[in-house]
Amino acid sequence: MMNMNDKKTAGKILQDISLSLDSFTKETAYPGLLGGYTGTALFFAYYYQLTGKQKYLKKVHQLLERSVEDMAEAALPFSHCSGIAGMVWNIQHLIKAGFVNEEGMDDIFEEVDDILGREMLRAVQQGQHDFLHQGLGIALYFLERAPHPQATHYLSALVATLESTAVKTTAGISWQDHLTGLGGRPVGEVTFNMGLAHGVPAIISILSMIHQKGIAPKQTNDLVRKGISWILKAENSPEEELTSLFPVLTDAGHQALTGKQSRLGWCYGDLGIATMLLNAGISLQDNTYQEKALQIFHHTLSHRNSKNGNVHDACLCHGSAGIAHIYRRAWLQTKDPALLTGATYWLQETFRMNTHQDAPAGFRFYGKDGYENSYGILEGAAGIGLALMAAIDEETDPLWDRCILLC
């Protein structure tokens, strides 16, 4: 459990993050769940729960009102990361968690159900499976909306569409990647993405969640099992003694296309695959998947560090706070003490990351052009804050992390 000194350190950082997000939401014009001002409502909701201060709940309501206005007036994408799907997921989540009254909100959901449902099916039918930026992420809204009949209808249709777009192989099934911009690859090359942010693990995760809702149970069971079979065939050979167990990108024959190493983080690499396996095991009530997940988690605990994990900042996407929270979420589900030890280690690493001047709470995101200030959930201060609150508040299930497929 977190000691008092760590709680004080985290508490001070959270105060600083709160102030920086207050400024960010007043100044920024762009909405969106994982990068824009919309997602900071999640931070303020859980911070209200932690502190009991009404001013943070008031901030949540203000941000949601602003989100609703932007959905009505602005031309926004449909995606989970930065578009309408993520914004209405956020409203649904905050209602279900008891932060927001659902009165008057039904009209919003009724208006977007068919728009988002049709877009989700169109995109996935065309192979646009990317969780963050294309069709797949829209499913998370319908999962939060279930058991509403429209949600059940579109999730059932999604299962059928994923079944029809799957690539069948002797090793199982997979879904071709059409988005990854990893550069230098031949035009027309058939690739398969192994990352939770954009690839096959996200598809399997969504199918597991649909199965858990009791929707198309036979189809989802079959697709999840065959998908996992395909994923596991891509594991690196033990004799190669690599620190990564899984690559980033493969061809149809499981040959790694950009090297066999992957980073330590949520977006790509072993942690996302382990998380997918753990959740699939829980959903399908299959201990073999949970045991495989723990084997992968334990490998990362004993073989990975900041240097070989390519960890340069504290963000949720591929930084220390995200790593800490993935281990914490897995510990909550398994009570394996090694996972809590890992969470504590990476929390300490996060405390060492807030050294940047003129940055939100001292944290900066390491982007393509070097370090930059970032405020959102996926790459910035809001996500770091949510992970810190999960570490402090051991009584609250951090269900916000469903927005990045962790539960």
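Colleague: Let's start with helix α9, residues 217-233. How many residues apart are K226 and D222, and about how many helical turns separate them?

Modeller: They are four residues apart, so about one helical turn separates K226 from D222. Keep in mind that we're looking at a predicted model. The general idea is that an α-helix has 3.6 residues a turn, so residues three or four places apart point the same way.

Colleague: And what do K226 and D222 form with each other?

Modeller: Side chains of opposite charge can pair when their charged atoms come close. Here K226 and D222 form a salt bridge, with 3.3 Å between the closest N and O atoms. K226 has 37% relative accessibility, which makes it partly exposed. D222 is partly exposed too, at 30%.

Colleague: Which residue does R122 bridge to, and how far apart are the closest N and O atoms?

Modeller: R122 pairs with E119, and their closest N and O atoms are 2.8 Å apart. The spacing argument works again: the two are three residues apart in helix α5, so about one helical turn lies between them. Their surroundings need a cut-off, since buried means under 20% relative accessible area. E119 comes in at 17%, so it is buried. R122, at 34%, is partly exposed.

Colleague: Which parts of the chain does the pair R329 and D401 tie together?

Modeller: First the pair itself: the side chains of R329 and D401 meet in a salt bridge at 2.8 Å, N to O. R329 belongs to helix α12 (residues 320-334) and D401 to the segment after α14 (381-392), so the bridge ties together parts that are 72 residues apart in sequence. Both partners are buried. There is also a network: D22, K26 and K59 are joined by salt bridges that share partners.

Colleague: How many salt bridges does a search of the whole structure find?

Modeller: It finds 14.

Colleague: What about charges that gather without pairing? Which residues make up the patch of negative charge on the surface?

Modeller: For a patch, you look for residues of like charge that have no salt bridge. In this model E102, D106, D107 and E111 gather into a negative patch on the surface. Take D106 from that group: it lies in helix α5, which covers residues 106-125. With 44% relative accessibility, D106 counts as partly exposed.

Colleague: Now D286. Is it buried or exposed?

Modeller: D286 is buried, at a relative accessible area of 14%. You'll find D286 in the loop between α10 (270-284) and α11 (287-303). If you set aside neighbours within four places in sequence, D286 is in contact with R225 and G281.

Colleague: How do I read burial for a whole helix? How many of the eight residues of α6 are buried?

Modeller: Count residue by residue, then ask what covers them. In α6 (residues 138-145), eight of the eight residues are buried, so the helix is largely enclosed by the rest of the structure. The buried set includes the charged E144 and R145 as well as I138 and F142. What they pack against is α4 (84-96), α5, α7 (149-165) and α8.

Colleague: What kind of peptide bond joins A146 and P147?

Modeller: For backbone geometry, the background is that most residues other than glycine have a negative phi, and most peptide bonds are trans. The bond joining A146 and P147 is cis, with omega about 15 degrees. P147 is in the loop between α6 and α7.

Colleague: And phi? What sign does it have in D358?

Modeller: Positive: phi of D358 is near 55 degrees, and D358 isn't a glycine. A361, also not a glycine, has a positive phi of about 55 degrees. D358 is placed in the loop between α13 (337-351) and β5 (365-367), and A361 is in the loop between α13 and β5 as well. Their exposure differs, though: D358 is exposed at 71%, while A361 is buried at 12%.

Colleague: Last one. How far apart are the C-alpha atoms of A216 and S156?

Modeller: Only chain distance and space need comparing here. A216 and S156 are 60 residues apart along the chain, and their C-alpha atoms are separated by 6.2 Å. A216 is in the loop between α8 (200-212) and α9, and it is buried, with a relative accessible area of 17%.

Methods
Residues numbered from 1 in each chain as written. Predicted model: local features only at pLDDT ≥ 70, side-chain atom pairs only at ≥ 80, totals over all residues. Heavy atoms only, no water. Patch = residues over 30% accessible without salt bridge, like charges linked within 9 Å, V, L, I, M, F, W, Y side chains within 5 Å. Areas by Shrake-Rupley, 256 points an atom, 1.4 Å probe, with all protein chains shown as cover. Salt bridge = Lys/Arg side-chain N within 4 Å of Asp/Glu carboxyl O. Lys, Arg positive; Asp, Glu negative; His and termini not counted. Charge placed at Lys NZ, Arg CZ, Asp CG, Glu CD. Buried < 20%, exposed > 50% of the residue type's maximum accessible area, 1.4 Å probe, protein only. Contact = heavy atoms within 4.5 Å.
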